[in-house]
Each structure stands twice: as C-alpha cells, then as structure tokens.
Amino acid sequence: MESPTLLILAILSVYPLVYTLYYSLTDYYYISKNGINFIGIKNYADLWKNTYFIRSVVNTIKFTIACTLLETAAGIAVAVYVNSLNRFKKFMRTIILLPNLLPPVTAALIWKIMLSNNYGILNEFLRALHLPVFNWFFDTRTAMATIILIDVWQCMPFVFLLIYASLQTVPSSLYEAAKIDGANRWHEFCYITIPSISGSIMLCLLLRTIDS
C-alpha cells in the first residue's frame, strides 16, 4: 500500500526538485540551442546581486510578517468577543466568515472596483469630503498597505474559526474560579484564555505564515 504512494510522491515532488536544482547549477536556457554547461552557484550569486530580487524578498518578508501578526491578533480578538456574546452568536459567525468563503478572484475583483482610481467608492467618498485621493494599487505609499488590508480581510476569518473552536474547549469552571478570586476580564484573558488556546494560536501562526 505504501510503495505506490511513495513512488507517486517521488515522481511528483522529489524528481522535479532534483531536476530544478540540477539545472539551476548550469547555464541552461530553454530556447537556446547551445549545450548545457555546469557553472556552479553563479546563478545564485548573480541573483543576490539583483536589486529587484532583493526588493521582492524584502517585500515578501514584510507582507508575511504583517499579515500573519495582524490576522492572528484580529482573529483572536474577534473570536474572544463573539464567544463572550449572549445573543446573535450565529449571526456574527456567519457575517465574519463570509469573506473567507469568497473565491480569491472574486475578492480581488470586489476590492479592485471599490479602490478604483476613477470610480471606486472609497475615492468618491474622499472626494466628497474634499480629501486627497490615491491610486491605491499603484502608489508606492499605499500599495503594500492595501494588499495587506485585503489579505487580512479575507483570511482573518480562518484564524477566527480555529480560535473560536478552540475556545469552546476551555472549561467554564476556570473562569468561574477566577471571578471568585477577583480576576477581571484582562486577567482571565492573559492567564486562562491565552494559555488554554496557545496550541491553536501556534497552529494559526504556522498556517498563515506558510500561506502568506
């Protein structure tokens, strides 16, 4: 049972990885008729001298850190808030999860229309208030923040769902005992909630880092 699975895994994963690594150490060019010559790590050395590549790496790191931290923090805050509600829990869960149910292409088109430089609702609102407008996706002052905002909007519900499910496993007796001892909401959050769901928080950080 395991041998066919390992064979398929090797064909689909290991072979392409080794194949790519080998050709990265040569001067292979797919439209060239010249032979293939081994050049060692020259391609990698040239890559790290490329300012565009360095900038893309830095931007990716910034994006990953910002999205991961913001989505996790917002997901925890929203999950704790919804879990504390006595009414409208189902309604709130439905509303919060809606962005995550949208296909990425649909979400991208919605935000593209909303943030359009010519007819976007946000710029029209700013014009009505006589405030400066921006070309949100192309202005270097706003592009990164805009993309981060969109990613947080769509992916935060995923963190919310995991954290909210984890909160259901925290015994209510712990909070009751804390109230008897005089603990306030902040103490309960720091000393009961966070330690109890720390495993789920680490899972969220890992998954969101990989995805971002």
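Biologist: What area does the chain expose, and what percentage of it do carbon and sulfur atoms supply?
Modeller: Bear in mind that this is a predicted model: local features need pLDDT of at least 70, side-chain atom pairs count only at pLDDT 80 or more, and totals for chains, interfaces and linings use all residues. Residues are numbered from 1 along each chain as its sequence is written, and side-chain values use heavy atoms, leaving out hydrogens and water. Areas come from the Shrake-Rupley method with a 1.4 Å probe, and for residues only the protein chains shown count as cover. The chain exposes about 15100 Å², and the part supplied by carbon and sulfur is 69%.

Biologist: How many helices and strands does the chain have?
Modeller: Helices (H or I, at least four residues) and strands (E, at least two) are DSSP runs, numbered from the N terminus. Along the sequence the pattern reads α-α-α-α-α-α-α-α-α-α. The total is 10 helices and zero strands.

Biologist: And what is the radius of gyration of the chain?
Modeller: The radius is taken over C-alpha atoms, and the globule rule is 2.2 Å times the number of residues to the power 0.38. For 212 residues that rule gives 17 Å, and the chain is well over it, so it is more spread out than a compact globule. The C-alpha atoms fill a box of roughly 80 × 60 × 30 Å along the principal axes. The radius of gyration itself is 24 Å.

Biologist: What percentage of the residues in the chain are buried?
Modeller: Buried means under 20% relative accessible area, exposed means over 50%, and partly exposed is in between (1.4 Å probe, protein chains only). Of the 212 residues, the buried ones make up 24%.

Biologist: Which element gives the largest share of the largest nonpolar core?
Modeller: A nonpolar core is a set of buried Ala, Val, Leu, Ile, Met, Phe, Trp, Tyr and Cys residues joined through side-chain atoms within 4.5 Å. The largest one has 20 residues, and A79, F160, I163 and I197 have the most contacts inside it. Two or more residues come from each of α3 (51-84), α7 (143-167) and α10. The largest share, eight residues, comes from α7.

Biologist: Which residues does A79 touch, leaving out those up to four places away in sequence?
Modeller: Contact means heavy atoms within 4.5 Å. By that rule the partners of A79 are F160, I163, Y164 and L167.

Biologist: Where do the buried residues of α9 fall, seen down its axis?
Modeller: The buried residues of α9 (residues 185-196) are E188, I192 and T193. The arc is that of the directions from the helix axis to the C-beta atoms. For α9 the buried residues line one face of the helix, because they fall within an arc of 85 degrees.

Biologist: Which exposed residues sit on the face of α9 turned away from its buried side?
Modeller: The buried residues of α9 have cover that includes α3, α7 and α8 (172-180). The face turned away carries W186 and Y191.

Biologist: What does the side chain of S212 reach?
Modeller: S212 is in the segment after α10 (198-211). A polar contact is a pair of N or O atoms within 3.5 Å; within protein, one must be able to donate a hydrogen and the other to accept it, and residues adjacent in sequence count only if both atoms are side-chain atoms. At 2.7 Å, the side chain of S212 reaches the backbone oxygen of R208.

Biologist: Is D151 buried or exposed, and what is its relative accessible area?
Modeller: D151 lies in helix α7. Beyond residues up to four places away in sequence, D151 touches F63, C67, E71, M156, R208 and S212. D151 counts as buried, with a relative accessible area of 18%.

Biologist: Which backbone oxygen does the side chain of N123 reach?
Modeller: N123 is in helix α6 and counts as buried, at 0% relative accessibility. Leaving aside neighbours within four places, its contacts include V133, F134 and W136. At 3.3 Å, the side chain of N123 reaches the backbone oxygen of S116.

Biologist: What is the phi of H130?
Modeller: H130 is in the loop between α6 (121-128) and α7, and it is exposed, with a relative accessible area of 73%. H130 is not a glycine, yet its phi is positive, at about 60 degrees.
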